[in-house]
Amino acid sequence: MVDLLEEYKIDFDEIMESVECNYGKDYVVEFNTIVYEVFYKIATDFIASNEDLFEENSDEFQIFTNYMDSHLRFDSDVVQNKFESLK
């Protein structure tokens, strides 16, 4: 998780603010929720910085989270290949 935050230059406080905004102040934060929010931020930042790629391709994506294996996958193979090439 720390590697993702550093690699994509994501502020952890921003993620926690998003969790609070989406789930409420009284929500007991689970690790998977944080992972989901990080992947969501990565996906939306990628979409915003590659707008031309999405003129002809879907901007839909799936996020899978659990403690052992979590991943982000774009529905379009073209988009997924571009996303993977940036890693």
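Which residues make a nonpolar surface patch of about 280 Å²? I looked this up before anything else, and I found that the patch is made by Tyr23, Tyr36 and Tyr40. I note at the outset that I am working from a predicted model, and I read every value below in that light.

**Entry 1: the chain as a whole**

I went through the elements from the N terminus on and wrote down the order α-α-α-β-β-α, which gives four helices and two strands in the protein chain. I then took the extent along the principal axes, where the C-alpha atoms fill a box of roughly 40 × 25 × 20 Å. Of the 87 residues, 30% count as buried, and the accessible surface comes to about 6,000 Å², with 47% of that area belonging to carbon and sulfur atoms. For the contacts, I took those between residues at least 6 apart in sequence and found that 46% of them join residues at least 24 apart.

**Entry 2: helix α3**

I returned to the patch through Tyr36, which lies in helix α3, residues 31-49. Tyrosine 36 counts as partly exposed because its relative accessibility is 32%. I checked the helix for its span: α3 has 19 residues and reaches 27 Å from its first C-alpha to its last, close to the 27 Å expected at 1.5 Å a residue.

I next listed the buried residues of α3, which are Asn32, Thr33, Ile34, Val35, Glu37, Val38, Phe39, Ile42, Ala43, Phe46 and Ile47. Looking for what covers these buried residues, I found that the cover includes the helices α1 (2-7), α2 (12-23) and α4 (77-85), together with the strands β1 (61-64) and β2 (71-74).

I picked threonine 33 from that list for a closer look, since its place is in helix α3 and its relative accessibility of 8% makes it count as buried. Leaving out residues up to four places away in sequence, I found threonine 33 touching Val19, Tyr23 and Tyr27; Tyr23 is also one of the residues of the surface patch.

**Entry 3: the nonpolar core**

Which residues of the largest nonpolar core touch the most other members? This core has 19 residues, and I noted Val38, Ile42, Phe46, Phe54, Phe61, Leu72 and Phe74 as the ones with the most such neighbours. The elements that give two or more residues to this core are α3, β1, β2 and α4, and α3 gives the most, with eight residues.

I followed phenylalanine 74 outward, leaving aside its neighbours within four places in sequence, and wrote down its contacts as Ala43, Phe46, Ile47, Phe54, Glu60, Phe61, Val79, Gln80 and Phe83. Of these contacts, I note that Ala43, Phe46 and Ile47 also stand among the buried residues of α3.

**Entry 4: salt bridges**

I then turned to the charged side chains, taking a nitrogen of Lys or Arg within 4 Å of a carboxyl oxygen of Asp or Glu as the cut-off, and the count came to three salt bridges.

Glutamate 14 forms a salt bridge with lysine 41, where the closest N and O atoms are 3.2 Å apart. Because glutamate 14 lies in helix α2 and lysine 41 in helix α3, the pair ties together parts that are 27 residues apart in sequence. Lysine 41 also forms a salt bridge with aspartate 45, with the closest N and O atoms 3.1 Å apart. Those two residues are four apart in helix α3, so about one helical turn separates them. I recorded Glu14, Lys41 and Asp45 as linked in a network of salt bridges. Glutamate 14 is partly exposed, with a relative accessible area of 35%, and aspartate 45 is partly exposed as well, with 33%.

In the remaining pair, the side chains of arginine 73 and aspartate 77 meet at 3.0 Å, N to O. I noted that arginine 73 counts as partly exposed, at 35% relative accessibility.

**Entry 5: a backbone angle**

Where is lysine 9 placed? I found this residue in the loop between α1 and α2. I marked lysine 9 because its phi is near 50°, a positive value in a residue other than glycine, whereas most residues other than glycine have a negative phi. Lysine 9 counts as exposed, at 75% relative accessibility.

Terms used. Residues are numbered from 1 along each chain as its sequence is written. This is a predicted model: local features need pLDDT of at least 70, side-chain atom pairs count only at pLDDT 80 or more; totals for chains, interfaces and linings use all residues. Side-chain values use heavy atoms; hydrogens and water are left out. Patches are made of residues with over 30% relative accessible area and no salt bridge: like charges are joined within 9 Å, nonpolar side chains (Val, Leu, Ile, Met, Phe, Trp, Tyr) within 5 Å. Accessible areas come from the Shrake-Rupley method with a 1.4 Å probe; for residues, only the protein chains shown count as cover. Buried means under 20% relative accessible area, exposed over 50%, partly exposed in between (1.4 Å probe, protein chains only). The expected span of a helix is 1.5 Å times one less than its number of residues. Contact means heavy atoms within 4.5 Å. A nonpolar core is a set of buried Ala, Val, Leu, Ile, Met, Phe, Trp, Tyr and Cys residues joined through side-chain atoms within 4.5 Å.
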